[in-house]
Amino acid sequence: MDELIKTNNPVTLSFVEALLRDADIPFQSLDHNMSTLYGSILHQIARRVLVDDAHLLRARQLLRDAGLEKELDCSVDD
């Protein structure tokens, strides 16, 4: 699985998860508890959304189409 986004914004996270669900793209959301526990103090622990390699390009395009390209983890070019 590859990281699709990393964010501290719960609204963005909820929107991305809804987009992925509607597109039938399986995903995992990680670091929810750590972000909740320490995020308000450190502001450095972001929640991550991971997508299987087979769905990564489609998921990235879905986020771009929704205007969330700035949220994408661009460490890997498509």
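These exercises work through the core, the strands and one salt bridge of a predicted model.

**Exercise 1. The nonpolar core**

Find how many residues the largest nonpolar core has, and which elements supply at least two residues each.

Solution.
- Start with the count. The largest nonpolar core has 15 residues.
- Next, pick out its centre of contacts. Leu4, Ile5, Val16, Leu20, Val51 and Leu63 have the most contacts inside this core.
- Now assign the elements. At least two core residues each come from strand S1 (2-7), helix H1 (10-22), strand S3 (47-51) and helix H3 (53-65).
- Finally, rank the suppliers. H1 gives the largest share, four residues.

**Exercise 2. The surroundings of Ile5**

List what Ile5 touches, leaving out residues up to four places away in sequence.

Solution.
- Take the partners in sequence order. Ile5 touches Leu13 and Val16, among others.
- Continue along the chain. Arg47, Arg48 and Val49 are also touched by Ile5.
- Complete the list. Leu63, Glu71 and Leu72 are further contacts of Ile5.

**Exercise 3. Leu19**

Decide whether Leu19 is buried or exposed, and find its contacts beyond four places in sequence.

Solution.
- Place the residue. Leu19 is part of helix H1.
- Apply the cut-off. Buried means under 20% relative accessible area. Leu19 has 18%, so Leu19 is buried.
- Look for partners. Leu19 is in contact with Leu62, Ala66 and Leu68, neighbours within four places aside.
- Check one pair. Leu19 and Leu62 are 43 residues apart in sequence, yet their C-alpha atoms are 7.6 Å apart in space.

**Exercise 4. The strands**

Work out how S3 pairs with S1 and with S2.

Solution.
- Begin with S1. S1 and S3 run antiparallel and are joined by five bridges. In this pairing, Glu3 stands opposite Leu50 of S3.
- Turn to S2. Strand S2 (residues 27-30) pairs with S3 over four bridges, again in the antiparallel sense. Ser29 has Val49 in S3 as its bridge partner.
- Check the cover. Four of the five residues of S3 are buried, making this strand mostly covered.

**Exercise 5. The salt bridge**

Identify the side chains that meet in a salt bridge, and give their N to O distance.

Solution.
- Recall the principle. Side chains of opposite charge can pair when their charged atoms come close.
- Count. The model has one salt bridge.
- Name the pair. Arg21 and Glu17 meet at 3.8 Å, N to O.
- Locate both. Arg21 and Glu17 lie in helix H1, four residues apart, about one turn of the helix.
- Test Glu17 for burial. Its relative accessible area is 12%, so Glu17 is buried.

Terms used: Residues numbered from 1 in each chain as written. Predicted model: local features only at pLDDT ≥ 70, side-chain atom pairs only at ≥ 80, totals over all residues. Heavy atoms only, no water. Core = buried A, V, L, I, M, F, W, Y, C linked by side-chain atoms within 4.5 Å. Buried < 20%, exposed > 50% of the residue type's maximum accessible area, 1.4 Å probe, protein only. Contact = heavy atoms within 4.5 Å. Salt bridge = Lys/Arg side-chain N within 4 Å of Asp/Glu carboxyl O. Pairing = 2+ DSSP bridges.
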